[in-house]
Amino acid sequence: MKILHTADWHIGKKLHKNELSRDFDLFIDWLCTLLEKEKIDLLLVSGDVFDLANPSSEARRQYYRALMQMKKYDCKIILTGGNHDSPAMLDAPREILKELDIHIIGGLPETIDETIIPVYGKSGEAEAVIAALPFLRDSDLRSAADGVTYEDRLEATRKGIQNTFFEAAEICKTRFSGLPALAMGHLFAAGIETSESEREIQIGNQAAFEASHFGDYFSYIALGHIHKPQRVSAAVPTFYSGSPLPLSFSERKDEKRILLIDTEKGWEPESINMPVFRSLLKVSGTLEELQNKLEALSENRELESLIEVELLEEQYDAMKLYNLDDLVTNFDKPGHRIVKHRATFANQM
């Protein structure tokens, strides 16, 4: 069986008011080519399908178009909700999509059994089972009896996450004994690298979950929430696939990827790098340096490059601010656009 792991699509995202809808369309086109080329059996999307809990009508249309486009390649699709997503909004078409072998778990159901999804092969036999756990909200994890102090809340949240994964593992073990089990999760694990575009999760990221507490039953754990792709130190292969598109300028140097697991080869995923559709550029320096750097720009991608400009000077000078605004206003280079500019003075009083 071949499985693709991705996450954090953030459909409807705007970067400095710049629509990223075309970026997402290009990603889906590329993904569909990969689904066909690799003959993928299962696609896992670990949360933050949308950027907003109440996405625009265009973002919703884009989501459904993407699902129908991917479904042409005869792979099972499982999506879980993230902290950006509305569980009710994602779950609304759940029964209809299930008929197309597209499974949505927007929020934690009343019974955790509903998150356990068997995956059948072409022979009709079950080949794996997925514990499709969405973002676990405080209401899913803590009760009124869990204490009122800050430390009590942190511990109750961590313990709640651990118990949820243990309970899911026990169901997989009992009902699907002998089948490899995978888990999906959307959470903040301890010791990982973040970017500026991730919203704080579970008590301001203070309730960081120790990945060693996932246990050792699952063969692979497919995580979402962190946009920088990375491995998590755990007893089994546990990975953040990262977001397929850069969602902030702090991610401009990240190598975006999705992960491919070929169960015939084992559970260590192969990293497949994403093509770069749009460059995010940061240009800084004195006024003269900015002029030279902007004039020298030549990199062109399929989509317009977005630029952050930062003026760096020693002494505050109102005229330099005026000249910076003038430089930005008159900037005109095909395929490039300045979307943000600011000035920093080292000796400003």
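Let's start with H16, which sits in the loop between β2 and β3, the latter covering residues 18-19. This is a predicted model, so keep that in mind as we go. H16 has a positive phi of about 50 degrees, although it is not a glycine. Is H16 buried or exposed, or something in between? Its relative accessibility is 33%, so it counts as partly exposed, because that value falls between the 20% and 50% cut-offs.

Now please look at another histidine, H10. You'll find H10 in the loop between β1 and β2. H10 also has a positive phi of about 50 degrees, and it is not a glycine. At 3% relative accessibility, though, H10 counts as buried, because the cut-off for that is under 20%.

In that loop between β1, residues 2-6, and β2, residues 14-15, you can also find W9. Which residue forms an aromatic pair with W9? It is F27, and the two rings are edge-to-face, with 5.8 Å from centre to centre and 75 degrees between the planes. F27 belongs to helix α1, so to speak of sequence, the partners are 18 residues apart and the pair links distant parts of the chain. Both W9 and F27 are buried. Ring pairs also bring in F24, giving a cluster of W9, F24 and F27.

If you like rings, the structure holds 10 aromatic pairs. Another of them is Y217 with F218. Why is this pair called edge-to-face? The ring centres are 6.0 Å apart and the planes meet at 70 degrees, which is over the 60 degrees needed, so edge-to-face is the right label. The two partners differ in how they are covered: Y217 is partly exposed, at 27% relative accessibility, whereas F218 is buried, at 2%.

Let's go on to the core. In soluble globular proteins, nonpolar side chains tend to be buried together. Here the largest nonpolar core has 44 residues, and the ones that touch the most other members are W9, F27, L31, Y63, M70 and L79. So our friends W9 and F27 turn up again. Several elements give two or more residues to this core: α1, β4, α2, β5, α3, β6 and β13. Which element gives the largest share? That is α1, with 9 residues. Apart from this core lies another one, of 31 residues, among them A131, L179, F209 and I226.

Take a moment with L79. Leaving aside residues up to four places away in sequence, L79 touches W9, V45, V49, Y63, L67, I102, H103, I104 and I105.

Finally, the sheet. Strands of a sheet pair through backbone hydrogen bonds, either parallel or antiparallel. This one is an open sheet of 6 strands with mixed pairing, in the order β6-β5-β4-β1-β13-β14. Where are its edges? They are β6, residues 102-105, and β14, residues 270-273, each pairing on one side only. From one strand to the next, the twist averages 20 degrees.

Let's zoom in on one edge. Strand β5, residues 76-80, runs parallel to β6, and 4 bridges join them. One bridge to look for is that of I78, whose partner in β6 is H103. Helix α2, residues 57-71, lies across β4, β5 and β6, and it runs at about 150 degrees to β5.

That's my tour, thanks for listening!

Note on methods
Residues numbered from 1 in each chain as written. Predicted model: local features only at pLDDT ≥ 70, side-chain atom pairs only at ≥ 80, totals over all residues. Heavy atoms only, no water. Pairing = 2+ DSSP bridges. Axes fitted to C-alpha atoms, helices over the stretch in contact; angles between N-to-C directions. Contact = heavy atoms within 4.5 Å. Core = buried A, V, L, I, M, F, W, Y, C linked by side-chain atoms within 4.5 Å. Buried < 20%, exposed > 50% of the residue type's maximum accessible area, 1.4 Å probe, protein only. Phe/Tyr/Trp six-rings, centres within 6.5 Å; stacked < 30°, edge-to-face > 60°.
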